[in-house]
Amino acid sequence: MNSTNTVLIAHGIGHAYGGQPVLHGVDCVIPEAASVALMGPSGSGKTTLLHILAGILRPDAGTVTFHPRGRRRGAVDVSQLGSEARAALRRSDFGLVFQSGQLLGELTAVENIALPLLLSGVSYAEASRRAHDLLEPLGLPGLGDRRPGELSGGQQQRVAIARAVVTRPDVLLADEPTGALDRRTGHEVMDLLHRTRRELGSSLVLVTHDPEMAARCDVVLRLTDGRITDVHAGAMA
């Protein structure tokens, strides 16, 4: 596969749980600075593929190659890295957003946002400054000292997005980020996610059941029974 202007290339991805295959020889390309939606019915393998692209899971078969933006260093075979190296890659080059936000309840919003920087060795003062700088642009002015339990669902997802982008990642990976939100708040969160990734020049991989959310992406991949069965441009991209 041609790696020109791509940030992630998955080739021949296979994976099973308890001997039950969920992905069968999946090939996909994530272009640089583009948005890609993964759609399909429950159990089709969307989240498993996202987790493999993000290095959360290692595939049973196939490879995932990461090409850093601007080719500032050589390509990395994510699927062959150990768990610590994959975790380091997620902290530095990938940003993840989940349906539930997965914020740490004992930390404030700013502390949650700063966490990836702190884990990467950035000083507390610098990490806190960079986290505070994201509050207003991401619609969280004055909320930096609040804990997740003191925030609405939409505000929690804004904090989760801020945490995902604070390292200025090459790739944002989002698993049903609006699934627990009402429709209006969900659209606001997706507006924010798309605007932020465009400003950063990041790629976005989005798992969603919502055709309208998928249509806003540049490319839509449909999975059925662990195979990609359709690839088309987003109608609203």
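In the predicted model, strand β4, which spans residues 61-66, pairs with β5 in the antiparallel sense, and two bridges connect these strands. One residue of this pairing is threonine 65, whose bridge partner in β5 is aspartate 77. The two strands belong to an open sheet of four strands, arranged in the order β2-β1-β4-β5 with antiparallel pairing. The edges of this sheet are formed by β2, comprising residues 20-31, and by β5, comprising residues 76-77, each of which pairs on one side only. Helix α1, formed by residues 46-53, lies across β1 (6-17), β2 and β4, and runs at about 55° to β2.

These elements are part of a chain that has seven helices and ten strands in total. For 237 residues, a compact globule would be expected to have a radius of gyration near 18 Å, and the value of 17 Å found for the chain therefore agrees with that expectation. Taken along the principal axes, the box filled by the C-alpha atoms is roughly 45 × 40 × 35 Å.

With regard to burial, 51% of the 237 residues of the chain count as buried, while the accessible surface of the chain amounts to about 10200 Å², with 50% of this area belonging to carbon and sulfur atoms. Among the contacts in the chain with a separation of 6 or more, 66% are accounted for by residues that lie 24 or more positions apart.

Technical notes. Residues are numbered from 1 along each chain as its sequence is written. This is a predicted model: local features need pLDDT of at least 70, side-chain atom pairs count only at pLDDT 80 or more; totals for chains, interfaces and linings use all residues. Side-chain values use heavy atoms; hydrogens and water are left out. Two strands pair if DSSP finds at least two bridges between them. Contact means heavy atoms within 4.5 Å. Axes are lines fitted to C-alpha atoms, for helices over the stretch in contact, and angles run from 0 to 180 degrees between N-to-C directions. The radius of gyration is taken over C-alpha atoms; the globule rule is 2.2 Å times the number of residues to the power 0.38. Buried means under 20% relative accessible area, exposed over 50%, partly exposed in between (1.4 Å probe, protein chains only). Accessible areas come from the Shrake-Rupley method with a 1.4 Å probe; for residues, only the protein chains shown count as cover.
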